Amino acid sequence: MVHELYRREILSTSPEQTAAIGVWLGQVLPPRTCVALDGDLGAGKTTLTRGIGAGLGSYPVSSPSFTLHDLHEGGRLPLSHCDAWMEGRELSFLEDGGSEWLVSDGVAVVEWAERVKKWLPSPRMSIRIGHQSESQRSLEFTVLGSQEPLDGLAKELVDLLAKLPEGGALLPEGFQ
Ligand code: ADP
Ligand code: MG
């Protein structure tokens, strides 16, 4: 049984701010973290992931919508970026190795996580992005895992999120 262990919501007022929140996450997330992203098309899942890539090691991260999966190595930790977009792709996603991509020694980020929920590791960090207006997005962070006592990764994630600054970190020079 997966429980909600912690929840925090942040409002982002620009794509740069969403990316900067990603940069902060990329700088601090511990190994073996799965970040499960949900939100409609255009919510900002890839924008946040690009920030996470920059925070981990300045990788240029693009949308893997057509490739299902990209692996970026060479930074602080490897980044496994998956996209479970489109109903019915779950099967090819999993046949192509999806259940391994979701569990990484580094950081695994999955867009449209709800679609592959059954295979997501526990504990994990879930981020639901809500479309508030043209430039405003709500970012709802939840740490999921087994019930207390909290230890290991779940505790690290809860402690980190409590320290997450509203505006994230600075964007690296040349970030676009
Ligand atoms: P998704 O991967 O969820 O489909 P993308 O990150 O590809 O979404 O696209 C998000 C779009 O929304 C971009 O065009 C971006 O410029 C725009 N946008 C506007 N405001 C924000 C915001 N506060 N955070 C993130 N993206 C935003
Ligand atoms: Mg996307």
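Two residues are in contact here when heavy atoms of one lie within 4.5 Å of heavy atoms of the other. With that meaning, and setting aside neighbours within four places in sequence, Val35 is in contact with Leu29, Val107, Ala108, Val109, Val110, Met125 and Ile127. The model is a predicted one, and Val35 serves below as a way into it.

Val35 belongs to strand S2, which covers residues 33-38. Its relative accessible area is 0%. Buried means under 20%, so Val35 counts as buried. The C-alpha atoms of Val35 and Ser126 lie 5.7 Å apart in space, although 91 residues separate the two in sequence. Met125 and Ile127 are among the contacts of Val35.

Four other contacts of Val35, namely Val107, Ala108, Val109 and Val110, fall in strand S5, which is made up of residues 107-111. Strand S5 also holds Glu111, a residue that takes part in metal binding in the model. The magnesium ion (ligand 2) is coordinated by OG1 of Thr46 and OE of Glu111, at 2.2 to 2.3 Å. This pair links distant parts of the chain: Thr46 is in helix H2 (residues 45-57) and Glu111 is in strand S5, 65 residues apart. Both Thr46 and Glu111 are buried.

A further pairing involves Lys45, a residue of helix H2. The charged end of Lys45 sits over the ring of Trp112, at 4.2 Å from the centre of that ring. As for pairs between aromatic rings, a search of the whole structure finds zero.

The chain as a whole can now be set around these details. The protein chain has five helices and seven strands. In sequence order these elements follow the pattern β-α-β-α-β-β-α-α-β-β-β-α. Among contacts between residues at least 6 apart in sequence, 68% join residues at least 24 apart.

How does the overall size compare with that of a compact globule, and what is the radius of gyration? For 176 residues, a compact globule would have a radius of gyration near 16 Å; the protein chain has 15 Å, which agrees. Along the principal axes, the C-alpha atoms fill a box of roughly 40 × 35 × 35 Å. Of the 176 residues, 53% count as buried. The accessible surface of the protein chain comes to about 8,500 Å², and carbon and sulfur atoms account for 50% of that area.

Technical notes: Residues numbered from 1 in each chain as written. Chains lettered and ligands numbered in written order. Predicted model: local features only at pLDDT ≥ 70, side-chain atom pairs only at ≥ 80, totals over all residues. Heavy atoms only, no water. Phe/Tyr/Trp six-rings, centres within 6.5 Å; stacked < 30°, edge-to-face > 60°. Lys NZ or Arg CZ within 6 Å of the ring centre and 35° of its normal. Helix = DSSP H or I, 4+ residues; strand = E, 2+ residues; numbered from the N terminus. Rg over C-alpha atoms; globule rule 2.2 N^0.38 Å. Buried < 20%, exposed > 50% of the residue type's maximum accessible area, 1.4 Å probe, protein only. Areas by Shrake-Rupley, 256 points an atom, 1.4 Å probe, with all protein chains shown as cover. Donors = N, O, S within 2.8 Å, 3.2 Å for Na, K, Ca; no water.
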